[in-house]
Amino acid sequence: MSRRILAALAGQPNCGKSTVFNMLTGARQHVANFPGVTVEKKSGHFKLGGRTCELVDLPGAYSVSSYSPEERVTRDFLLFDHPRVVVNVIDASNLRRHLCLTVELLELESNVVVHCNMMDVAGRRGQVLDTDILSQRLGVPVSTGVGRKGQGREALAAVMTAAVDLPAKDEPFRVDYGPLEPHIKAVEDVLAKGGDLGAPRRWLAVRLLENDEGARQFVAEVFFDPVRLSALVAERQETFRESSGETVAAFAALARRRLARSLARAATVKAAGPEKTRTDAIDDFVCHKYLGPVILIGVLFVLYQVSIVWGYKLTNYTWPLLAGLKTVVAGYLPPAGMLEDPLLRSLGLWFMDSVNSLLNYIPIFFLLFFCVACLEDTGYMPRMAFILDRLFRSYGLHGQSTLPMVLAGVYLGGCCVPGVMACKAIPDDKSRLATILIIPLMNCLAKVPLYILLVGAFFPGDASAAMFFISTVTLFMALPIARLLSSTLLSNLDSAPFIMEMPPYHLPTLRNLFTRAIEKVALFIRKIITVVAAVAIIVFVLLQFPGISREHKAAYQTRLDASRSRLDAAVAGSQFEAVLHGKGLLGFLRYEDAYKAARSGVTDAEAAKAVDTRFREENPDFFAILKPRTDAAAKAALAGVRAFAQSRDSIGLEMRRERLETSFLGILGRALEPVTRFAGFNWRVNAGLLSAFAAKESAVATMGAIYKLEAGGNDNQSLEVSMRHGEADFTPLHALALMLFMALYPPCMATSMMIKVQTGEARWMVLAILYPMFVGIIVASAVFTGGRLLGLDGNAAMWSFYGLAVAATILAGLIPHRNRGPRPVVPAACEEAAQNA
């Protein structure tokens, strides 16, 4: 008997699957991506009946078809990874909808255990669940619980333990498809000639008749005569359509829904409950036609106040820690040189500056992810989709465009790659392509560091308002663009209606919120350590070479030698002449830097005295110069060393600036200045933006490292201070133009490739890269140059542009739409009414 069990957790969205997963696995979790797709894979371990159980939390899916990445991942994992038991989590208060997935899982002949979650919600709605009847009708064990309260863990573990070693059923679960059965049997008989195909034959037959693309690809790979099989399937589809008047896919889906409804009716007793639930009462305000958008704006503003304003205050405590980490790393690198550091030291310090520039924002990201998880767990996120759908349908988008835009960061903190992938679920080409093309305009997580840097440096007194501006104005820029695209390039494509179900509200648990926030921060750190770090090394090479010419190096060395001669004259004839002779001067300068680092942050007198004692014992001669007290010769030596150090730092700063400006990246940045100067961008900003093509986080990493180099590597000041010093002529108007350009920045390489995959055509990928760049430079130039001509400061220009963007959005929405049909939205109350119909 195997001591290790592989189990899967499957369920539809909003069933509380994540809370059940956390309840079972606790903190023993790992987050990654499923191979080949950017869909989150969460796995954890726990003890089950004395054995170790690896539990894989499959992405939320409404079915096991191949219409979305989540559904394909769920189906493929169940078929090819062969979990010993599949825990199907369902919402006990909405059995009919959630049992549709249960039926499909049983058709896959998986070893299913049903766990009815949210029993407390069902109780408040007056529903009593008969688990014995449900278990009998399904033929599988059934347990109940309330995941967010940690209730039901033992019952679920017990039924899982019992189900693990159960033998396969002689008679698997079957859905009676009525008049479709002869056609299913005919396809099954042909499939039987292929032997063991690695998937249930009846399930394959039904999926083939439904024209499921995933099933067709699978059969084409494993069946010996796919052409003959395809001809038979097409013949049977046509025969059924002629006899019944509808397609196989529509009929089969209806048969499964009818079975789910009958199962729900048999297992649910409707007791006396409130006619109007608490969810309905809240939705009267939250989803109100006029009050809903106001509440949405208020929620987003609070989100930014908590995450940005409070989080930014926490960075005051993280920056010294990161500076200390850089000091520790520097201790393991080759020592600093007189004018130029060894290449390995320069690379190591550049790497730390690049990474620290992003790691410093972890407190902000943690609070942001915590707040977003709270919105998701409470059930407010679908309400936001409901409110935004009223807006989207006037711009050629679909109600299902909401999820991709939320994933990509419709306000803050998403990723465009899963956003583009989620567009697969949009049922019509017009809305799908329009959504894909505006996804790069969303505020993905990679853009946030630059926003925070510019807001902290140039809008410190209005941080919350500035972040609210940049995180919402992108929507008012994306919608008119979507309207333009749907009316021109996409005008010949059709639209489809949208139906959405609202889940009941839930009170989230702190444990789940903290877990989700930590997971997201961990993924962000992993990206910094991999992608951003790799880009930082490439950028370092581009900024170091071709380097300073020999003639200029010789001129710098001549100036340094002259300064050294003045120092030698100052200490000539004293006891310190030999101490500072030759390499002694460089040794003293390193000694002084080490002393300053050791005394940094030390306020206790005894601790300071201990540092002095240690350095005095290490080198008494150096310490005598460093602390001259009443020794006139030592004071003269220290004054001479300080004058030399000041001259050296000045020469070194000039060398760094020349190296940066004459580097490959600096040359390219300067070549772009004639175009970008109208937007207020100089070569340093251009260099940062160029590095962002691979990963947008690299913009902050590159600019931060450049400012650190130009400032002499001062770690005692934050990146915001370094930028203000490095860009002395920068104003809030410059910062505003740069933020808007980043908001409209072309997609990164990963997103561009995903656009090519999802659309199937390179022309859409090229369009998605070119038009944001064109629109971005026009918008940034108009804001900067126009603001200067009108005499506007950063705040005035910000809200003037906001007003213009909103006006343009309203105007675009008022233009009549061709072929625009109604898009009904079905809230939870309607879903419940449908159950009782």
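Select residues 17–25, which form helix 1 of this predicted model. Eight of the nine residues in this helix are buried, so color them apart from the rest if you like. The buried ones are K17, T19, V20, F21, N22, M23, L24 and T25. Step just past the end of helix 1 and select G26, where phi is positive, at about 65°.

Now show the whole protein. There are 36 helices and nine strands in view. The chain has 837 residues, and 54% of them count as buried. Turn on a surface if the viewer offers one: the accessible surface is about 35700 Å², with 61% of it belonging to carbon and sulfur atoms. Contacts across the sequence are worth a thought here as well. Among contacts between residues at least 6 apart in sequence, 77% join residues at least 24 apart.

Next, select strand 1, residues 4–11. Add strand 4, residues 51–57. These two strands pair in the parallel sense over six bridges. To find one position along the pairing, pick L9, which stands opposite D57 in strand 4. Is strand 4 enclosed or open? Five of its seven residues are buried, so strand 4 is largely enclosed by the rest of the structure.

Keep strand 1 on screen and add strand 5, residues 85–91. Strand 1 and strand 5 run parallel and are joined by five bridges. Here the residue to pick is G11, opposite V89 in strand 5. How many residues of strand 5 are buried? The count is seven of seven. Rotate the view to check both faces of strand 5: V85, V87, V89 and D91 lie on one side, V86, N88 and I90 lie on the other, and all are buried.

Add strand 6, residues 112–117. Strand 5 runs parallel to strand 6, and six bridges join them. Select N88 and then V114, its bridge partner in strand 6.

Two loops come next. Select H82, in the loop between helix 2 (69–80) and strand 5. H82 is not a glycine, yet its phi is positive, at about 50°. Its relative accessible area is 54%, and H82 is exposed. Then move to M118, in the loop between strand 6 and helix 4 (119–124). M118 is not a glycine either, and its phi is positive at about 60°. Is M118 buried or exposed? With a relative accessibility of 7%, M118 counts as buried.

For the last stop, select helix 7 (residues 181–192) and helix 10 (residues 226–244). Two packed helices are described by the angle and the distance between their axes. In this pair the axes come within 10 Å and cross at roughly 175°. An angle over 145 degrees counts as roughly antiparallel, so helix 7 is roughly antiparallel to helix 10. Show side chains at the contact: helix 7 supplies P182, H183, A186, V187, V190 and L191, while helix 10 supplies L229, L232, V233, R236, T239 and F240. By class, the contact has nine nonpolar, two polar and one charged residues.

Stay on helix 10 and select R228. R228 counts as partly exposed, at 41% relative accessibility. Add V190 and compare the two positions: R228 and V190 are 38 residues apart in sequence, and their C-alpha atoms are 9.1 Å apart in space.

Conventions: Residues numbered from 1 in each chain as written. Predicted model: local features only at pLDDT ≥ 70, side-chain atom pairs only at ≥ 80, totals over all residues. Heavy atoms only, no water. Axes fitted to C-alpha atoms, helices over the stretch in contact; angles between N-to-C directions. Helix = DSSP H or I, 4+ residues; strand = E, 2+ residues; numbered from the N terminus. Parallel < 35°, antiparallel > 145°, perpendicular 65-115°, else oblique. Contact = heavy atoms within 4.5 Å. Nonpolar A, V, L, I, M, F, W, Y, C, P; charged D, E, K, R; others polar. Buried < 20%, exposed > 50% of the residue type's maximum accessible area, 1.4 Å probe, protein only. Areas by Shrake-Rupley, 256 points an atom, 1.4 Å probe, with all protein chains shown as cover. Pairing = 2+ DSSP bridges.
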